[in-house]
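Student: Please take a close look at the place where the two chains meet. How do the copies come together there?

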2 protein chains.
Amino acid sequence: MRITIIGSGNVATHLSAAFKNAGHRIVQVYSRSMHNAALLAYHVNAGAIDDLTQINPETDLFLIAVNDDAIAPVVKELAKYQKLTVHTSGATDLLTISASIQKAGVFYPLQTLSKTKEVEFLTVPVCIEGSDDAVTRELEQLAQTISNHVYRINSDQRKVLHLAAVFACNFPNYLYGVAQQLLEQQNMEFDMLRPLILETAQKVQNHLPADVQTGPAVRNDENTMDAHLKLLDEEPVLKELYKLLSQGIIKKG
Amino acid sequence: MRITIIGSGNVATHLSAAFKNAGHRIVQVYSRSMHNAALLAYHVNAGAIDDLTQINPETDLFLIAVNDDAIAPVVKELAKYQKLTVHTSGATDLLTISASIQKAGVFYPLQTLSKTKEVEFLTVPVCIEGSDDAVTRELEQLAQTISNHVYRINSDQRKVLHLAAVFACNFPNYLYGVAQQLLEQQNMEFDMLRPLILETAQKVQNHLPADVQTGPAVRNDENTMDAHLKLLDEEPVLKELYKLLSQGIIKKG
């Protein structure tokens, strides 16, 4: 497939590499910054542009991987070509594209992607949605060339999925940082916690979280929880977080 | 070394197996439940007792791996032998033992241990503390027979470490469960999130959490956060959690 990538961020970078590796042709990479466009275009053997009027219409797919706020303005520019056009956003409705482009879709990779960290794309779940059955099938086939985990997910589901991903990824990562900070205050290294973090995530690969919950809250061990809260006396926000999260665990247990 | 295990829970089970595999001899396993004592004793080729008066004093180490509340009563029973005695608790002071037994210590494995899940013990950090230098060295040597990651950690540090472990393990696991629940409400499977959870933990094995934070909060993407809060309108506790955690990420970013 001939694919044009709009954007040069984390998602654009990982997706264009995955498409390239699967044998697709990246026609152009657009970014507001020519430097960023050129950098990514170089890696995937494509043309670089920083102006949407320079779009080459000889393409099969416009893939929009830009900040959510920037999707609508880009769609407005691309509407005149009426090519198959998708966005990659978990939080944006299909309608943002389908209102002005007939063959519209969503191509949402459910993974935390950083430029500095490679990822085995075949393991990344890709959630697709099309404006009609033919588009859905076409996107499904495309997704299957880069991932072994392709799901048909409608816009309502995707919004909840995106929210769930915040709870499963962004918030745990923040809590890792809180833990690191607590260790630093007592001159201990984050290395001490790394095996624990990994094992916690590995456990739920084969179990449900509630079945492998450990710690003072699930045992309703009030002495330990009180001692922990006392240690957080000078961190009112963390103290509040500790209480809320522990209450959640106790309620579930 | 001849080791007597007091307890038959997750920590007792994993530690006695690790000691056995490293060539130590488990003398006896004590549990209040003879069934549990016998089950673990069978696996590590030891005697089983459910009464502390049946303790065989021909041992080099009493390892107390019971609930925190039960440590002090056990120490009272064991004090008459004046053998090297350690507990395995993150939240309990060394003094709980050293007040009545001269050779006292702590042997705290920093991992989330469930009986249903095997773990490569060599990767588990073990935090040790001794009542004097000789005890510390003895425990350090013992720990090095089962783990490649042995740390000398005093009681004040260990309490903070235990708290940090709650933030790095117990709370993230709870959030995984919240995510699973959100998916279920929209008929989506937890399987969709498993690669994301694993990748999030793998990322911080080589990076610091703050350097790989993703999601709407770190971008200060208010539209998405508002949309997420709206989805949580009927879950006031989760809504409050979402706000607190997002504010924490924004503040750090």
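Tutor: In this predicted model, 99% of the interface residues of chain A are interface residues in chain B as well, so the copies meet through the same surface. A turn of 180 degrees, with a shift of 0.0 Å along the axis, lays chain A on chain B with an RMSD of 0.1 Å. This is the relation of a two-fold axis. The C-alpha of chain A nearest to that axis belongs to A:Pro172, at 2.4 Å from it.

Now take one pair of helices across the chains. Helix α6 of chain A covers residues 155-185, and helix α8 of chain B covers residues 222-231. Their axes come within 10 Å and cross at roughly 100 degrees. Angles of 65 to 115 degrees count as roughly perpendicular, and α6(A) and α8(B) are therefore roughly perpendicular to each other. On the α6(A) side, the contact is made by A:Lys159, A:Val160, A:His162, A:Leu163 and A:Val166. On the α8(B) side, B:Thr224, B:His228 and B:Leu231 take part. Sorted by kind, the residues of this contact are four nonpolar, three polar and one charged.

Next comes the nonpolar core. The largest one has 116 residues, and those with the most contacts inside it are A:Phe167, B:Phe167, A:Leu193 and B:Leu193. Consider B:Phe167, leaving aside its neighbours within four places in sequence. In chain A, B:Phe167 is in contact with A:Leu175, A:Val178, A:Ala179, A:Leu182, A:Leu232, A:Leu238 and A:Tyr242. In chain B, B:Phe167 is in contact with B:Pro172.

Note on methods:
Residues numbered from 1 in each chain as written. Chains lettered and ligands numbered in written order. Predicted model: local features only at pLDDT ≥ 70, side-chain atom pairs only at ≥ 80, totals over all residues. Heavy atoms only, no water. Least-squares fit on C-alpha atoms with pLDDT ≥ 70 in both. Contact = heavy atoms within 4.5 Å. Axes fitted to C-alpha atoms, helices over the stretch in contact; angles between N-to-C directions. Helix = DSSP H or I, 4+ residues; strand = E, 2+ residues; numbered from the N terminus. Parallel < 35°, antiparallel > 145°, perpendicular 65-115°, else oblique. Nonpolar A, V, L, I, M, F, W, Y, C, P; charged D, E, K, R; others polar. Core = buried A, V, L, I, M, F, W, Y, C linked by side-chain atoms within 4.5 Å. Buried < 20%, exposed > 50% of the residue type's maximum accessible area, 1.4 Å probe, protein only.
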